[in-house]
Amino acid sequence: MIKQSARSRKKHREDKKAQLVYWQEHRNCEVCLAEGRGKGAAIQIHEIKFRSQGGKCVPDNMISTCLADHERMHFRRAKWLYREELYKMKGENDEKKIRDRNKKYDVSLF
Ligand SMILES: [Zn+2]
Ligand SMILES: [Zn+2]
């Protein structure tokens, strides 16, 4: 059994808190909004740059997501979401911008 150090437990608590604060400000799935599906309840917070790759639990690296879109960030199936796309989607609620981007990426619903 690996014992967690007090330091890593503290870090874990801080990360959870940061995710909660981010979620309180972004309760709708940012991918659904960006892809023009309207408001879908966000139930998870994804770290765009994975923690295993040195990603941090900071607002710039977090995105609110529904379960279906979250799977697209971790599993290469349906339409894989690239990290660059996620950064562009963050906080993008402007309808015209969404339409333009959908054209650019040729987003198809699945
Ligand atoms: Zn979604
Ligand atoms: Zn994730």
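This is a short presentation on the fold of one protein chain, from its overall layout to a few single residues.

Good morning. Please keep in mind throughout that the structure shown is a predicted model.

I begin with the layout. The protein chain contains five helices and two strands. Their order along the sequence is α-α-β-β-α-α-α. The chain has 110 residues, and 20% of them count as buried. Let us also consider contacts between residues at least 6 apart in sequence: 54% of these join residues that are at least 24 apart.

The next topic is helix H1, which covers residues 6-25. How many of its 20 residues are buried? The count is zero, and H1 is hardly covered. Its length can be checked with simple arithmetic. At 1.5 Å a residue, the 20 residues of H1 should span 28 Å, and the end C-alpha atoms are 29 Å apart, so the two values agree.

I turn now to the strands. E1 comprises residues 44-47 and E2 comprises residues 62-65. The two strands run antiparallel and are joined by four bridges. As an example, Gln44 has Thr65 in E2 as its bridge partner. Within E2, Met62 and Ser64 point one way, while Ile63 and Thr65 point the other way. All four of these residues are buried.

One residue of E1 deserves a closer look, namely His46. Why does His46 count as buried? The reason is that 22 other C-beta atoms lie within 10 Å, and the cut-off for a buried residue is 20 or more. Leaving aside residues up to four places away in sequence, His46 touches Ile63, Thr65, His70 and Met73. His46 and His70 are separated by 24 residues in sequence, yet their C-alpha atoms are 7.1 Å apart in space.

His70 brings us to helix H3, residues 67-74. The buried residues here are Asp69, His70, Arg72 and Met73. When one looks down the axis of H3, these buried residues fall within an arc of 155 degrees, and therefore they line one face of the helix. Which residues does the face turned away from the buried side carry? That face carries the exposed residues Leu67 and His74. As for the buried residues of H3, their cover includes helix H2, strand E1, strand E2 and helix H4.

Ala68 also belongs to H3. Ala68 has 14 C-beta neighbours inside 10 Å and therefore counts as partly exposed, since that class lies between the limits of 12 or fewer for exposed and 20 or more for buried. Between Ala68 and Val31 there is a separation of 37 residues in sequence and of 10.0 Å in space, taken from C-alpha to C-alpha.

Val31 leads to my last topic, the largest nonpolar core, which has 13 residues. Within this core, Cys29, Val31, Leu86 and Met89 touch the most other members. H2, E2 and H4 each supply at least two residues of the core. Which of the elements gives the most? It is H2, with four residues. To see contacts of one core member in detail, consider Leu86: not counting residues up to four places away in sequence, Leu86 touches Ile48, Ile63, Met73 and Leu81.

To conclude, I would ask you to retain two points. Helix H1 has no buried residues, whereas helix H3 has its buried residues along one face. Thank you for your attention.

Conventions:
Residues are numbered from 1 along each chain as its sequence is written. Chains are lettered from A and ligands numbered from 1 in the order in which they are written. This is a predicted model: local features need pLDDT of at least 70, side-chain atom pairs count only at pLDDT 80 or more; totals for chains, interfaces and linings use all residues. Two residues are in contact if their C-beta atoms, placed from the backbone, lie within 7 Å. The arc is that of the directions from the helix axis to the C-beta atoms. A nonpolar core is a set of buried Ala, Val, Leu, Ile, Met, Phe, Trp, Tyr and Cys residues joined through C-beta atoms within 7 Å. The expected span of a helix is 1.5 Å times one less than its number of residues. Two strands pair if DSSP finds at least two bridges between them.
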